[in-house]
Amino acid sequence: MKRITTYGFVFGSAVCAATSHAQQGPATDVGQALADQGAPQFVVNAGDAIRATCLELGASGPQTGERADLFNRCREMSGTVLGATANNYNFSSAGETYNAIRQFSGEEASSQSRLATESSNRQFANLGARMDAIRRGARSSISPVAVNFQGQDLSEALAGSAPALAGGTGAGDERDADTGWAWFSNGAVGWGDRDETDNEGGYDFDSWGVTLGADYAFDNGLAAGLALGYNSYDVDLDRTSGSSFATSSAGGKIESDGYSLSGFFVYGTENSYVNGILSYGQNDFDMLRKAQITAAPGATGTATGLVVDRSFDASTDSSQLGAQATAGYVFGSGATTVDVYAGFDYLDIDIDGYQERETGGSGGLALRYGSQDTQSVQSIFGVMLRHASSTDFGVLLPYAGAEWRHEFDNEAQTLDYSYAFAVPGSTIQFRSPTDDPDENFFELTLGLSAQFANNLFAFVQYNSTAGLSGTSANLVTFGLRGVF
C-alpha cells in the first residue's frame with residue numbers, strides 16, 4: 001500500500017507577518033499566554049484565532065443568531081486561557097484547555113489530501129504490476145512475476161520438464177501470445193490507522209477498490225494500454241480519551257469515492273526495460289466533524305451549565321494529476337530472477353474550498369476552508385526476488401520485494417481556515433501546521449501468482465508500509481488476467 005501520510009498541503013493563503021511566537025496571523029494575549037505555558041504551536045495559533053475573532057465580533061456591535069453563539073464561545077475560551085473570573089469553562093488543568101481549543105478547530109481536514117494521494121498511488125501500484133508482467137513476456141499475468149521470461153517458455157527454464165496443466169496441456173502449449181490485445185482486472189482491500197499528534201488528529205481507515213483495463217503489445221517490444229480505476233475509503237476519526245469536560249478529538253467520519261483514468265506504456269530490450277504512467281483522477285469527499293465540550297462545575301457567565309455537542313458536515317471535490325517513470329534490469333534467466341529498478345513519482349492535487357454546515361442546529365462554530373494545492377516528488381529504488389515452480393495444475397510464482405521511497409517535498413505546510421460566521425470580510429484565520437512528512441519509508445511485498453490453462457492467470461498479493469511515523473497501512477490485492 002502506498003503511503004497515506006506523506007504529504008503536506010496548504011489551505012487558503014498566508015496572512016499578516018510573523019509574530020513573537022513564530023506564527024503568522026494576529027498575535028493576541030491568549031496566544032502569548034498559551035505560548036508561555038508551553039502549548040503546542042497548533043494550540044497557540046488556534047488560541048490567537050479564537051481571541052482575535054472574539055475581539056472583532058465585540059467591536060462590531062451586538063450580535064444575533066450564529067454570530068452571537070460564536071462570540072459567546074470564543075469569549076468563554078479566551079477567558080479560560082487568561083484565567084478570567086467570568087465567562088470561562090473553569091477547567092482544572094492546561095491539558096483540558098488545550099483539548100477544548102482543538103475542539104474549536106478543524107485539523108481533521110488534513111486527511112483529505114492523504115486520501116487523494118492514496119487513491120493515485122494505488123492506481124500506480126496496480127498498473128505497475130501489469131507493466132511488469134507485460135515486459136516479462138506473460139501479458140496475461142497480473143502479478144509482478146511473469147510466467148515467461150523474455151519470450152522463453154517457463155517450462156524450458158524450470159529444472160526438468162513442466163508437467164501438464166489442468167486440461168491436459170503443457171505450460172508452453174498454452175502460454176499467452178507475445179503480441180495483440182489482453183485484459184486485466186484487479187480488486188483490493190486495505191486497512192490501517194494513524195496516531196494523533198500535537199498537530200493532527202488520528203484515525204482508522206478501511207478501503208476497497210477495483211481496476212479494469214486493456215493493453216496492446218506490438219512486435220517491437222513496446223506495449224501500451226488504458227485503465228479505469230475506482231477506490232472507496234471510510235475513515236473513522238478518533239475519539240480520544242480524556243476528562244469528562246474536553247478531549248482533543250470528539251470523532252467524526254470522512255468518506256471518499258475516487259475515479260481515475262490512466263495511460264501506460266512498457267518498452268523492453270533484452271534484460272532492461274522502461275515503464276511509464278500518466279494518470280488523472282477525481283475524488284468526492286463527505287465529511288462529518290464533531291465538537292464536544294462540557295463546562296466544569298463553577299463555570300460562570302454564559303458558560304454556566306454549558307454543554308457543547310455539535311456536528312458539522314461538508315462536501316468537496318478534488319482532482320489530481322500523477323506521473324511515474326521507472327527503469328530497471330533483471331538478473332538471472334532461469335526459474336529464479338532478481339529485478340533491480342529505480343524511478344520517480346510525481347503528484348499534483350487540487351482540493352476545492354468548502355464550508356461546513358451544522359447538522360440539526362444553528363450554532364456559529366462552523367468553519368470555512370479555502371482551496372488546497374499540493375505537490376509531491378518521490379524517488380523509488382526497489383528489488384524484487386521471484387522463483388517459479390511447476391505443479392500438476394499450473395505454474396506457481398511466489399515473489400517478495402522491498403522498495404525504498406524518498407520524499408523530496410519534506411517540509412511541513414500549513415492548513416488555513418476561518419469561522420464561517422465571523423464578521424463579514426474578516427481576514428482572521430487559523431494557522432494549523434501539519435506534521436513534517438516522513439522523508440524516507442519502505443514498501444514491503446509478498447505475493448503468489450499462478451498460470452493455468454487457457455491463458456488464464458490469477459494472483460494474490462500483500463503489501464505493508466514501513467517507516468511512517470505513527471502509521472500502519474496494509475493492502476491485499478487479487479485479480480485475474482487473460483487475452484481477447
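**Aromatic pairs, core and strands in a predicted model**

Good morning. The structure holds 11 aromatic pairs, and I shall begin with two of them. Please keep in mind throughout that this is a predicted model.

In the pair formed by Tyr216 and Phe218, the ring centres lie 5.0 Å apart and the planes meet at 70°, so the arrangement is edge-to-face. Neither partner is hidden away: Tyr216 is partly exposed, with a relative accessible area of 29%, and Phe218 is partly exposed as well, at 41%.

The second pair is made by Tyr417 and Phe430, and it is stacked, with 4.9 Å from centre to centre and 10° between the planes. Where do Tyr417 and Phe430 lie? Tyr417 belongs to strand β15 and Phe430 to strand β16, so this pair ties together parts that are 13 residues apart in sequence. Are these two residues buried or exposed? Tyr417 has a relative accessible area of 1% and is buried; Phe430, also at 1%, counts as buried. Both residues also belong to an aromatic cluster, which is formed by Tyr354, Tyr369, Tyr417, Tyr419 and Phe430.

That brings me to the strands that carry these residues. Strand β15 covers residues 414-419 and is mostly covered, five of its six residues being buried. On one side of the pairing list is strand β11, residues 367-369, which runs antiparallel to β15 and is joined to it by three bridges. Within that pairing, Tyr369 has Tyr417 as its bridge partner in β15. The other pairing is with strand β16, residues 430-433: here β15 and β16 are antiparallel over four bridges. One example is Asp416, whose bridge partner in β16 is Arg431.

Next, the nonpolar interior. As a general point, nonpolar side chains in soluble globular proteins tend to be buried together. In this model, the largest nonpolar core has 60 residues. Which residues have the most contacts inside it? They are Leu34, Ile50, Tyr89, Ile101, Phe104, Tyr419 and Phe430. Helix α2, residues 41-59, gives the most to this core, contributing nine residues.

Phe104 deserves a closer description. Leaving out residues up to four places away in sequence, Phe104 touches Ile50, Arg73, Cys74, Met77, Tyr89, Ile293, Leu365, Leu367, Tyr419 and Phe430. There is also a second, separate core, of 11 residues, which includes Phe124, Met131, Ile134 and Phe264.

I turn now to two residues that are partly exposed. The first is Thr294, found in strand β6, residues 272-294. With a relative accessibility of 26%, Thr294 counts as partly exposed. Beyond its neighbours within four places in sequence, Thr294 is in contact with Phe91, Ser244, Phe245, Leu306 and Val307. For Val307, the separation from Thr294 is 13 residues in sequence, and the C-alpha atoms are 4.5 Å apart in space.

The second is Gln375, in strand β12, residues 372-387. Its relative accessible area is 30%, which makes Gln375 partly exposed. With residues up to four places away set aside, Gln375 touches Tyr346, Leu347, Asp348 and Asp409. Which side chains make polar contacts with that of Gln375? The side chain of Asp348 does so at 3.2 Å, and the side chain of Asp373 at 3.0 Å. Gln375 and Gly322 stand 53 residues apart in sequence, with a C-alpha to C-alpha distance of 9.7 Å.

To place these details in the whole: the protein has six helices and 19 strands. Of its 484 residues, 56% are buried. Among contacts between residues at least 6 apart in sequence, 71% join residues at least 24 apart.

Finally, a word on confidence. The mean pLDDT of the protein is 81, with 85% of residues reaching 70 or more. Where does pLDDT stay under 50? One such stretch is residues 1-24, for which the model has 117 contacts beyond four places in sequence. Another is residues 138-177, with 134 contacts beyond four places in sequence. Thank you; I shall be glad to take questions.

Note on methods:
Residues numbered from 1 in each chain as written. Predicted model: local features only at pLDDT ≥ 70, side-chain atom pairs only at ≥ 80, totals over all residues. Heavy atoms only, no water. pLDDT = per-residue confidence, 0-100. Contact = heavy atoms within 4.5 Å. Core = buried A, V, L, I, M, F, W, Y, C linked by side-chain atoms within 4.5 Å. Buried < 20%, exposed > 50% of the residue type's maximum accessible area, 1.4 Å probe, protein only. Helix = DSSP H or I, 4+ residues; strand = E, 2+ residues; numbered from the N terminus. Polar contact = N/O pair within 3.5 Å; in protein donor to acceptor, adjacent residues only side chain to side chain. Pairing = 2+ DSSP bridges. Phe/Tyr/Trp six-rings, centres within 6.5 Å; stacked < 30°, edge-to-face > 60°.
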